[in-house]
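User: I'd like to practise reading a structure feature by feature. Could you walk me through this one?

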Amino acid sequence: MDIVSINEVGPRDGLQNIKNILSVDERLKLIRSLEEAGIKLIEIGSFVSHKAVPAMSDTDELISQLGNIENYSVLIPNEKGLDKAKNNGVKEICTVLCVTDSMNKKNINQTVKETLRDLKKIFLETKDSGIRSKCYVSVAFYCPYEGKVDSCYVEDVIGLLLDYKADEIVIADTIGAANPREVKKLLSSIINNYKDINMSCHFHDTRALGLANVYASLDAGIKKFDSCIGGLGGCPFAPNSSGNLATEDLVSMLEMMNITTGVNLDKLISSRELASEFTHMSLKGRMI
Ligand code: HMG
Ligand code: MG
């Protein structure tokens, strides 16, 4: 039986850049509703500067209300974020490295070299603390400032992250500019060069290529995808980064292909309604 894991990033990527900031109670209700639909893995928020991303303030309060946080991850940009994650009992952290200096500077005010230096320490520390570590390799195909990113360079960066013992690499098309051919080519080459890699994908759907890119990734052997309820999302520091691939569209396509996700589509549509009510937005997943 074909099985694909879905990591819902709505409560983090989906909510980090919206006008109507959700209360902790609303964030909690949305997470519970997604779980009710059968979603097992959820990125629930981030520990970042509240000045940079006000919508992600109070992630500590959210965690205390969630109780058992076994299946949740939290995004952290630096050591300070890791300390907060540890103090709040987080079991999985998501770090982020935008592979171009321009984008990395905009996002976390560091060059790529500086972030790699810090990630080396962060992954050592997570290993010692029994915390699972993921690393987003952002703008892996195109950068909004520097254009097309060289795939050999991306693979070299991934090699370093693996040397530093990141547990999972998440290839991210931050501005939704990649096409299925280049997705399959890069992913196949990474899998060929790094045989034991644990890799997933994170597609933004700016040009409606999210599902096509998932299909190309499946062909390359990927079994885990990020997505976002209602197609919410986008990095506040990347111009033209619109929403993520909608979870309901992803589940719908996979289930049509007889690939098991464990997610109930009807219940997922209820989660989208809830997200729409809380965000005051009409959401754009195509699945009805
Ligand atoms: P900075 O100004 O260089 O850092 O910002 P700083 O060390 O000078 O700190 C500035 C202030 O932030 C200080 O507070 C720090 O204490 C505080 P102040 O003294 O001004 O009151 N601070 C923190 N607070 C909470 N948690 C922390 C933390 N670190 C420092 N971890 C910094 C650097 C990284 C903090 C800032 O640039 C930042 O927070 N950026 C947010 C980045 C972000 O959240 N981006 C969106 C997520 S990434 C994304 O969406 C892409 C992804 O979806 C994949 C894809 O699609 O490609 C993952
Ligand atoms: Mg994203």
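User: Let me start with a single residue: in which strand does D226 lie?

Analyst: Happy to help, and please keep in mind that this is a predicted model. D226 is part of strand β10, which covers residues 224–227.

User: Is D226 buried or exposed?

Analyst: The idea is to compare the relative accessible area with a cut-off: under 20% counts as buried. D226 has 2% relative accessibility, so it counts as buried.

User: What is D226 in contact with, beyond its neighbours within four places in sequence?

Analyst: Its contacts are N7, V9, K134, Y136, V170, C201, H202 and L250. Two of these residues also appear as polar partners through their side chains: the side chain of N7 makes a polar contact of 2.9 Å with that of D226, and the side chains of H202 and D226 are joined by one of 2.7 Å.

User: H202 caught my eye. Which protein donors does the magnesium ion (ligand 2) have?

Analyst: For a metal site, begin with the donor atoms and then look at where their residues sit along the chain. Here the magnesium ion (ligand 2) has D13 (OD), H202 (NE2) and H204 (NE2) as its protein donors, at 2.1 to 2.3 Å. Their spacing in sequence reads D-x188-H-x1-H. D13 belongs to helix α1 (residues 10–14) and H202 to strand β9 (residues 199–203), so this pair ties together parts that are 189 residues apart in sequence.

User: Are D13 and H202 buried or exposed?

Analyst: Both fall on the buried side: D13 is buried because its relative accessibility is 2%, and H202 is buried because its value is 3%. So H202 is a buried residue that serves as a donor to the magnesium ion (ligand 2) and has a polar contact with D226.

User: Let's turn to strands. How do I read the two faces of one?

Analyst: In a regular strand, side chains alternate between the two faces of the sheet. You can therefore sort the residues by face and ask about the cover on each. In strand β4 (residues 92–98), E92, C94, V96 and C98 belong to one side and I93, T95 and L97 to the other, and all of them are buried. That fits the count for the strand, where 7 of its 7 residues are buried.

User: Which strands pair with β4, and in what sense?

Analyst: Strand β3 (residues 72–75) pairs with β4 in the parallel sense over 2 bridges. The route between them is a β-α-β crossover: the chain leaves β3, passes through helix α4 (residues 79–87) and arrives at β4, with right-handed sense. V74 is the residue opposite I93 in β4. Strand β5 (residues 132–138) is also parallel to β4, paired over 7 bridges, and R132 of β5 is the bridge partner of E92.

User: What follows β5, in the loop between it and β6?

Analyst: V139 is found in that loop, which leads to β6 (142–143). V139 is worth a look for its backbone: its phi is near 45 degrees, a positive value in a residue other than glycine. With 0% relative accessibility, V139 counts as buried.

User: Where else is there a positive phi in a residue that is not a glycine?

Analyst: H280 has one of about 60 degrees, and H280 is found in the segment after α11 (265–279). H280 is exposed because its relative accessible area is 62%, whereas V139 is buried at 0%.

User: How can I check the length of a helix such as α7?

Analyst: Compare the expected span with the distance between the end C-alpha atoms. Helix α7 (residues 151–163) has 13 residues, so at 1.5 Å a residue it should span 18 Å, and its end C-alpha atoms are indeed 18 Å apart. Its buried residues are V154, E155, V157, I158, G159 and L161. These pack against β4, α6 (112–129), β5, β8 (168–173) and α8 (180–193). Just after α7, K165 has a positive phi of about 75 degrees.

User: One more residue: what does the side chain of E248 make polar contacts with?

Analyst: A polar atom of its side chain lies 3.1 Å from the backbone nitrogen of G230, and a polar contact of 3.0 Å joins the side chains of E248 and R272. E248 is found in helix α10 (residues 247–256), and it counts as buried because its relative accessible area is 0%. Its contacts beyond four places in sequence include L265, L268 and M287.

Conventions: Residues numbered from 1 in each chain as written. Chains lettered and ligands numbered in written order. Predicted model: local features only at pLDDT ≥ 70, side-chain atom pairs only at ≥ 80, totals over all residues. Heavy atoms only, no water. Buried < 20%, exposed > 50% of the residue type's maximum accessible area, 1.4 Å probe, protein only. Helix = DSSP H or I, 4+ residues; strand = E, 2+ residues; numbered from the N terminus. Pairing = 2+ DSSP bridges. Right-handed = clockwise from strand over helix to strand, strands pointing away. Donors = N, O, S within 2.8 Å, 3.2 Å for Na, K, Ca; no water. Expected span 1.5 Å × (residues − 1). Contact = heavy atoms within 4.5 Å. Polar contact = N/O pair within 3.5 Å; in protein donor to acceptor, adjacent residues only side chain to side chain.
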